[in-house]
Structures are given as C-alpha cells and as structure tokens.
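Colleague: Please pick one spot in this predicted model and take a close look at it for me. I'd like to hear what surrounds it, and then how it fits into the rest of the chain.

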Amino acid sequence: MKKSTAARPGSSSVRRVAAVAGAAVLAGTAAVCAPAAAYAAPRAAAASVTGFSDCPSLPDGVDPARWRCEVHSVAPRLTMGKMTVALAPITMTHAEGPMPDGSDGQVWGAMHSSSTAIPGGLTGTPAGDRAAVLGLAIQPEYGGRSDFYTGRFSLRFRLLSPLLAHGCTIGASTPVDFQLKRSGPSTWVSQDPPVIKFSAYDDAFTAPGAEHCGPLTAPLNRRLGLPAAEGNVMTYDATYTFKTYDRLPAKEGRLSR
C-alpha cells in the first residue's frame, strides 16, 4: 500500500503511511473432555496509540526534526484458509524520514499484540468451545520485514493450545507477506495531538501451513485449510499518531543505531 494523503482541515494535505498487521487461524484434532471455558492464551495489553516509549534509535547523521516516530493501532480481520477471525488490536511503532543521501529511511520499533480465541477450537465443533483442552488461540507476531512506504509487511501467527507443541506457528519458516492497499482516503481525527485513521486490505497473499506443532501438525493444517494459495483476505481499520524526534523526550542512545 503506497503512502497517500489525508486532507488536513485548514492546511495543506499531509502524507501518510500504512501499517499492518494481522492474521488468524483454527486447528484440528479431537479428544473428549469435561465442559470448560473456551481456551484463550493470556492476553498482553497492547501499547497505547499515544505512547512513544517504543520509538527506535535513529540512524547516524540524520536530522531529528525531519524524522518522525509513528505509532499505529490496528484492528485486523483475517480470512486465511478455512478460518475467518477478528484479531485483537495490534500496536506497531516505527520511525521514518530522509537519510543523509536524500533517500527514504525507516527503522522498525516494536509490535504489541494479544491472543484471540478461535471459535470451535481445535475441532471446529461446539466441543472445541466447551472443553479447555480442545481450545485454540492465535497471536500475530512481527515477521521481520516491513516497508511502510509501500505497505509491505510480514507476520507470523503463533497457535496456542494445551494440545499443541510450544512453537506451533503459521509462517515459522517463511512469514506471511502482505502487500497492503488503501481502501479509501485517510481522515484526520485530531490535529493536536495528530491522530489520523485509514483502512487497508490485502486479498492476494499466500498462507503457508503451520509448523512445529508436534504430532497434531497434519490434522491442524487440515482443520485450517492450510497451506492456502488463494481466497485469503486481511482487512483492517487503523489509527496512528506521530511526533518528530526533536519533540520526543530525551532517551539515551536514541540518535544512534
């Protein structure tokens, strides 16, 4: 997704960025258990959209006044294989600005996410919701690649269940790559502080199979319909804010990588 502009009331138009994030999953296997609450892994609170504690250090030789730290809060909805799920909000932080040679520069900061319970659990049936041992949850993780100028972003999706091996992940070897496109123009919600919202989607990415799930790897992938080369869609609504580095509180080492 290429950067676009958001009409700023009472001023010239402003460039924007895109971010991502998102993903989902289910799983497969069965066993009969006593009724219990649907499984959900412990939820880690996502960072506030207005917090700048994750702003990364800048490259050497750049102008802090021309670099800004951006904090995105994203609400993804994902269809991948046979599964459709609304993921818990994701918060992402990165920095961008001109390099000394005039080229576009970016530095990744951090990503915060929470787990989301998958309806139907491992079995895809009501038993998967009633029995904790058959529960299944998914949590997106940063996949190691991002380009907020073009909308390219990668994620891995960790699968959590009492019956799955630790490390069970969709995209463990090869992350899921997204090429986000804007669904429409950006909109300014507030000017002070700056808060801008936009929507984006990708309906052409390939979903790999789950790996490192132990003996349930094959039935889990059958349950999820993975790998899936087509029919996958991620959409999300995002809100972001930003500050230039000359306005951020002093932080040791922030101006050198």
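Modeller: Happy to. One cut-off first: a contact here means heavy atoms within 4.5 Å. Please also keep in mind that this is a predicted model.

The spot I'd choose is E141, which sits in strand β8, residues 137-147. Leaving out residues up to four places away in sequence, E141 touches M111, S154, L155, R156 and R158. R158 deserves a second look. The side chains of E141 and R158 are joined by a polar contact of 2.6 Å. Along the sequence these two residues are 17 positions apart, while their C-alpha atoms lie 7.2 Å from each other.

Is E141 buried, exposed or something in between? With a relative accessible area of 26%, E141 counts as partly exposed, because that class covers values between the 20% limit for buried and the 50% limit for exposed.

Another of the E141 contacts, S154, makes a nice contrast. S154 belongs to strand β9. The relative accessible area of S154 is 0%, so this serine is buried. Again not counting residues up to four places away, S154 touches E141, Y142, G143, G144 and R145, along with P175, V176 and D177.

V176 and D177 take us on to β11. Strands β9 and β11 run antiparallel and are joined by 4 bridges. R152 stands opposite Q179 of β11. The side chains of β11 alternate: V176 and F178 are buried and point to one face, whereas D177 and Q179 point to the other face and are not buried. So which side of this alternation does S154 touch? Its contacts include both V176 and D177.

F178 leads us inward. The largest nonpolar core has 42 residues, and F178 is among those that touch the most other members, together with L159, L164, I170 and L220. Several elements supply at least two residues each to this core: β3 (68-80), β4 (83-86), β5 (90-98), β9 (152-160), β11 (176-179), β14 (194-202), α2 (217-224) and β16 (233-244). Which of them gives the most? That is β16, with 5 residues. Apart from this core lies another one of 11 residues, including F52, L58, Y245 and L248.

Let me turn to the cysteines next. The whole structure holds 2 disulfides. In one of them, C55 and C69 have their sulfur atoms 2.0 Å apart. The torsion about that S-S bond is -95 degrees, and the link is left-handed. This pair connects distant parts of the chain, with C55 in the loop between β2 (14-15) and β3, and C69 in strand β3, 14 residues away. Both C55 and C69 are buried.

The other disulfide joins C168 to C213, also with an S to S distance of 2.0 Å. Here the torsion about the S-S bond is about 75 degrees, so the link is right-handed. C168 lies in the loop between β9 and β10 (169-170), and C213 in the loop between β15 (210-211) and α2, so the disulfide ties together parts that are 45 residues apart in sequence. C168 and C213 are buried as well. Counting bonded cysteines along the chain, the pattern is 1-2, 3-4.

The loop that holds C213 has a backbone detail too. H212, in the loop between β15 and α2, has a phi near 60 degrees, a positive value in a residue that is not glycine.

Two cis peptide bonds are also worth checking as you rotate the model. One joins D192 and P193, with omega about 5 degrees, and P193 lies in the loop between β13 (186-191) and β14. Another runs from L226 to P227, with omega near 0 degrees. P227 sits in the loop between α2 and β16.

To set E141 in its wider context, the protein has 2 helices and 16 strands. Of its 257 residues, 47% are buried. Among contacts with a separation of 6 or more, 70% are between residues 24 or more positions apart. The protein exposes about 11300 Å², of which carbon and sulfur atoms supply 54%.

Terms used
Residues numbered from 1 in each chain as written. Predicted model: local features only at pLDDT ≥ 70, side-chain atom pairs only at ≥ 80, totals over all residues. Heavy atoms only, no water. Core = buried A, V, L, I, M, F, W, Y, C linked by side-chain atoms within 4.5 Å. Buried < 20%, exposed > 50% of the residue type's maximum accessible area, 1.4 Å probe, protein only. Polar contact = N/O pair within 3.5 Å; in protein donor to acceptor, adjacent residues only side chain to side chain. Disulfide = S-S within 2.5 Å. Pairing = 2+ DSSP bridges. Areas by Shrake-Rupley, 256 points an atom, 1.4 Å probe, with all protein chains shown as cover.
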